[in-house]
Amino acid sequence: MSTATAIVKPVMPERHFLNDNYGIRSWLLTKDHKRIAILYLFSITFFFLIGGVFASLIRLHLLTPNGELFEADTYNKLFTMHGVNMVFFFLIPSVPAVLGNFLVPIMVGTKDLAFPKINLLSWYLYMAGGTFSMAAMVSGGVDSGWTFYAPLSSGYLKTHVIMLAVGVIIAGFSSIFTGLNFIVTVHRMRAPGMTWGRLPLFVWSNYAASLIMILGTPVIAITLILLALERGFHIGIFDPKLGGDPVLFQHMFWFYSHPAVYIMILPGMGVISEIVPCFSRKRVFGYSFVAFSSVAIAVFGFVVWAHHMFVAGISVYSALVFSLLSYAVAIPSAVKVFNWTATMYKGSIEMSTPMLYAMAFIGLFTIGGLTGLFLAALGLDIHIHDTYFVIAHFHYVMVGGMVTAYLGGLHFWWPKITGRMYPEAPAKLAALITFIGFNLTFFPQFILGYMGMPRRYWAYPPEFQVLNVLSSAGASVLAVGFLLPLLYFAWSLKYGEVAGNNPWQATGLEWETSSPPPTHNFHEIPIVTKDPYAYGEDAEVTVVH
Amino acid sequence: MQLNFPIFPEQASSMAGQVDALYLFLVLITTFFSLLIAILILYFAIKYRRTPGRQAEQIHGSTLLEIVWTVIPLGISMVIFVWGAVIYYHMERPPANPLEIYGVGKQWMWKFQHPGGQREINTLHVPTGRDVKVTLISQDVIHSFFVPAFRVKQDVLPNRYVFTWFKATQPGTYHLFCSQYCGTKHSGMVGQVVVMTPEDYASWLASGKAEGSLASLGEKAFQQYGCTTCHRPDSGARGPNLEGVYGRPIRLTDNRVVLADDNYIRESILEPNAKVVSGFQSIMPTFRGVVSEDEIIAITEYIKHLSPQQANPLNNRSTPTEIRDSEVPNIQQQNKQQNQQQPAQQTPQGKRPANPSGKKP
């Protein structure tokens with residue numbers, strides 16, 4: 001409303017989950033989902049930074065066409081470790097394990113996840129997996145590519161493939177446990193009145209991602225165990241020299257790794273579905289369509305894996321089927337984009353930092369999704385498969401989409417997690433820098449890919465240099481955009497304004513409890529009487545923070 | 001640094017234009033929808049920006065709109081699917097009477113063999129205006145044969161032959177890349193495809209120092225490895241006579257029927273006991289680790305030439321199932337008729353590719 005009513009400067013709550021207990025034991029043995037989320041926040045930030053350093057070195061190397069900075073083997077290790085760190089140790093856990101862990105129990109109105117000890121175990125498994133992966137890295141690195149294709153990785157490479165595979169397998173279990181916890185919590189622990197139709201869309205999307213986690217992740221574990229058996233004991237499974245079939249590896253690998261991209265993106269979509277209504281002051285447009293499209297993506301996502309294999313030697317008919325099914329999975333994503341856009345229509349839109357990230361997400365994910373149509377088109381995929389076009393496409397979805405959503409979500413819920421506001425001006429600047437840097441980095445790669453530059457090339461023909469230099473220049477801008485939040489988030493912990501329970505005047509149970517929330521989230525379990533996103537039902541109260 | 005960089009690869013094959021047309025269509029679709037969304041969200045963000053007193057208008061949704069924006073993208077994607085599928089189907093069907101070239105990938109080089117016996121490393125000479133079919137196999141890990149100017153790519157597998165084909169249209173020199181990561185020097189596994197006019201190609205072929213045609217090289221290897229000891233047409237043969245066997249359905253000891261194509265012949269050399277021809281015993285030793293992929297290709301070419309009438313080249317990806325559907329009843333019928341007298345396998349034409357005399361079960 002225009003006239004600001006009583007302006008009350010919010011104060012920090014006396015007791016909350018952060019000061020309930022002190023000491024290292026209170027963190028390392030905690031069963032509080034919020035503290036585990038914080039543990040995850042620090043650990044995935046660490047792996048993101050490591051993966052980011054690798055990415056920077058890759059872009060630095062590709063400034064010149066002849067491979068002058070690193071040896072070929074070193075370069076191969078760099079892109080392998082970049083991929084493994086980012087996919088298995090950052091993207092997959094990012095939103096579910098940090099924001100999901102923190103928010104899902106609060107959003108459904110309960111005290112904790114269903115299995116708090118398993119939740120803690122999941123973090124320890126993640127760290128154990130990360131330790132193996134780091135050990136493989138410091139003891140010489142691995143050059144298999146994050147895809148581990150056999151028989152190269154099982155019979156030809158001299159590096160620590162098994163150690164890295166063990167790391168990925170262990171980290172997979174942490175993902176399974178997180179998914180299990182979410183599913184049981186959503187089914188069994190919703191507050192009175194929190195019907196399925198009232199679940200926040202963030203919960204829906206994490207629920208859908210959890211289905212994939214528990215159904216898909218065992219397959220990657222089995223695949224990598226078979227790979228290790230072949231590598232370690234020469235049991236022929238994938239290597240034809242031992243009687244195996246190398247295409248089998250690709251089927252098994254992508255049976256998990258394609259749905260895994262939906263583990264990565266679905267929770268990000270959930271974040272956007274929270275931010276857009278809040279900053280538009282509107283109910284989300286087409287709630288049930290947005291909710292069910294998450295489930296549709298999870299289901300269809302399981303039957304499209306061989307679109308990674310159109311040139312791998314599969315039959316013409318299976319290629320046709322997988323191409324067709326791939327278009328089916330594109331539709332629910334399109335439905336989401338249209339609904340978010342429609343949500344903004346006739347809203348009352350505030351361009352705060354989270355909203356800037358959400359808008360960037362919608363735009364970049366649209367490009368990422370549409371370029372997926374190129375790759376699903378059989379005759380066209382033959383040309384652009386395994387080129388920089390693929391790199392650009394999945395970075396538009398994974399960085400332009402997922403990382404943007406994660407950063408948007410982190411800004412959105414930062415006041416809830418820490419009780420303090422981040423500084424708005426540098427945050428907006430960082431969002432802008434990230435957006436510009438991102439596009440400068442990855443847009444040239446679409447052109448490079450169509451020109452025919454294959455991925456994972458240590459050296460490349462000189463005519464590709466200009467586009468590579470542009471891309472590397474963009475990467476340095478992007479790096480600034482990613483580092484800025486680290487600084488002002490750290491600053492805000494001490495100097496940020498106290499946020500109060502609901503700085504955004506958002507709906508949702510998480511905004512009804514204090515910031516930071518008490519250890520058991522609510523002083524008494526709430527009773528839900530309203531639909532989600534019931535914006536505009538109460539008169540707004542302007543709070544100056 | 002070359003500053004005048006192109007944003008489109010050269011079009012040097014009959015397929016390139018078709019692929020580019022689909023690409024441009026998709027670029028248009030992508031541009032349209034990306035701009036639509038971008039303009040809408042920016043327009044909404046400005047027009048409906050929060051000003052004092054502004055209240056959002058609550059709209060719950062619209063089933064009609066949901067249907068519209070489900071059906072329209074679905075329709076557009078079906079157009080893309082069909083378009084892409086048509087191009088792909090065309091690319092995957094082997095051309096009739098192509099120029100057949102064999103390629104072997106290994107860490108980290110490409111080796112090519114022409115039917116005339118010319119061999120090349122990391123360079124492939126082809127003529128314009130003719131369908132060229134490249135049959136490919138790897139000696140070690142998976143590689144991928146990628147010629148951007150032709151818009152063709154095919155993963156090269158270590159365990160079986162695959163093929164790709166193209167019809168070059170523009171003389172010139174084009175990149176050949178390995179596009180499947182294959183270890184240390186993956187980016188060094190590159191070469192060139194040299195497209196020549198048919199006349200230039202003919203003179204290039206003539207200038208090449210071939211030791212003899214590929215088939216004759218195969219014949220030498222066939223003798224050198226002692227294959228003739230058992231595989232010969234006379235009555236004392238212990239293995240099937242290979243004359244006319246290429247491209248025909250073969251009945252195995254377990255009654256299955258397979259097609260004697262490149263993959264079958266290769267398997268029979270490396271894993272002789274995997275698919276034994278009906279009427280023969282598993283006595284052949286494996287030649288794995290003895291005979292090279294290049295020699296197998298030459299031997300196969302030799303066996304092809306043993307055919308009385310040269311069979312049409314077969315799609316290496318065609319599965320025996322396709323053959324079985326049409327041929328099995330036929331073969332089984334014939335077999336029933338001649339069950340007692342004639343245990344050896346019969347081709348539908350009634351020719352006898354295998355000599356049954358020594359080895360009646």
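Here a colleague asks a modeller about a predicted model, and how the words used for it are justified.

Colleague: What makes B:Glu57 and A:Lys346 a salt bridge?

Modeller: Their closest N and O atoms are 3.8 Å apart. The cut-off for a Lys or Arg nitrogen and a carboxyl oxygen is within 4 Å, so the pair qualifies. The pair crosses between chains: A:Lys346 sits in the loop between helix 10 (316–344) and helix 11 (353–376) of chain A, and B:Glu57 in the loop between helix 1 and helix 2 of chain B.

Colleague: Are those two residues buried or exposed, and how do you know?

Modeller: Neither word fits. Buried means under 20% relative accessible area and exposed means over 50%. A:Lys346 comes out at 25%, so partly exposed is the label. B:Glu57 has 43%, so B:Glu57 is partly exposed too.

Colleague: How many salt bridges are there between chain B and chain A?

Modeller: Two. Over all chains, the structure holds 15.

Colleague: What else do you have to show that chain B touches chain A?

Modeller: Contact means heavy atoms within 4.5 Å. By that rule, 86 residues of chain B are in contact with 98 residues of chain A. Putting the two chains together buries about 8,200 Å², with carbon and sulfur atoms giving 68% of that area. On the chain B side, B:Arg50, B:Tyr88 and B:Tyr181 lose the most area to chain A, together 10% of what that side buries.

Colleague: And how many residue pairs are in polar contact between chain B and chain A?

Modeller: There are 30 such pairs, counting those with both residues at pLDDT 80 or more. As for where the touching side comes from, helix 1 (16–47), helix 2 (63–92), strand 7 (152–156) and strand 9 (172–178) of chain B each supply at least two residues. Helix 2 of chain B gives the largest share, 18 residues. Sorted by type, the side of chain B that touches chain A has 48 nonpolar, 24 polar and 14 charged residues.

Colleague: Let's turn to strand 6 of chain B. Why is strand 6 called mostly covered?

Modeller: The test for buried is under 20% relative accessible area. In strand 6 (residues 143–147), five of its five residues are buried, so "mostly covered" follows. B:His143, B:Phe145 and B:Val147 point one way and B:Ser144 and B:Phe146 the other way, and all are buried.

Colleague: How do you know which strands pair with strand 6 of chain B?

Modeller: Pairing takes at least two bridges. Strand 6 and strand 7 of chain B run antiparallel and are joined by five bridges, so they count as a pair. One of the partnerships is B:Val147 with B:Val152 in strand 7. Strand 6 and strand 9 of chain B have two bridges, also in the antiparallel sense, so that pairing counts as well. There, B:Phe146 stands opposite B:Phe177 in strand 9.

Colleague: What lies between strand 6 and strand 7 of chain B?

Modeller: Four residues, and the two strands form a hairpin. B:Arg151 in the turn has a positive phi of about 60°.

Colleague: Back to charges. Why say that A:Arg198 and A:Asp531 tie parts of chain A together?

Modeller: A salt bridge needs N and O within 4 Å, and theirs meet at 3.7 Å, so the label holds. A:Arg198 lies in the loop between helix 6 (161–188) and helix 7 (201–233) of chain A, while A:Asp531 is in the segment after helix 15 (465–495) of chain A, so the pair joins parts that are 333 residues apart in sequence. A:Arg198, at 21% relative accessibility, counts as partly exposed. A:Asp531, at 40%, is partly exposed as well.

Colleague: What makes B:Asp254 and B:Arg256 a salt bridge?

Modeller: Their closest N and O atoms are 3.0 Å apart. The limit is 4 Å, so they qualify. B:Asp254 is partly exposed with 43% relative accessible area, and B:Arg256 is partly exposed with 34%. Elsewhere in chain B, a network of salt bridges links B:Glu100, B:Glu301 and B:Lys304.

Colleague: How many helices and strands does chain B have, and what share of its residues is buried?

Modeller: Chain B has seven helices and 12 strands. Of its 361 residues, 50% are buried. Among chain B contacts between residues at least 6 apart in sequence, 67% join residues at least 24 apart.

Methods:
Residues numbered from 1 in each chain as written. Chains lettered and ligands numbered in written order. Predicted model: local features only at pLDDT ≥ 70, side-chain atom pairs only at ≥ 80, totals over all residues. Heavy atoms only, no water. Buried area = accessible area lost by both parts, 1.4 Å probe. Salt bridge = Lys/Arg side-chain N within 4 Å of Asp/Glu carboxyl O. Polar contact = N/O pair within 3.5 Å; in protein donor to acceptor, adjacent residues only side chain to side chain. Nonpolar A, V, L, I, M, F, W, Y, C, P; charged D, E, K, R; others polar. Buried < 20%, exposed > 50% of the residue type's maximum accessible area, 1.4 Å probe, protein only.
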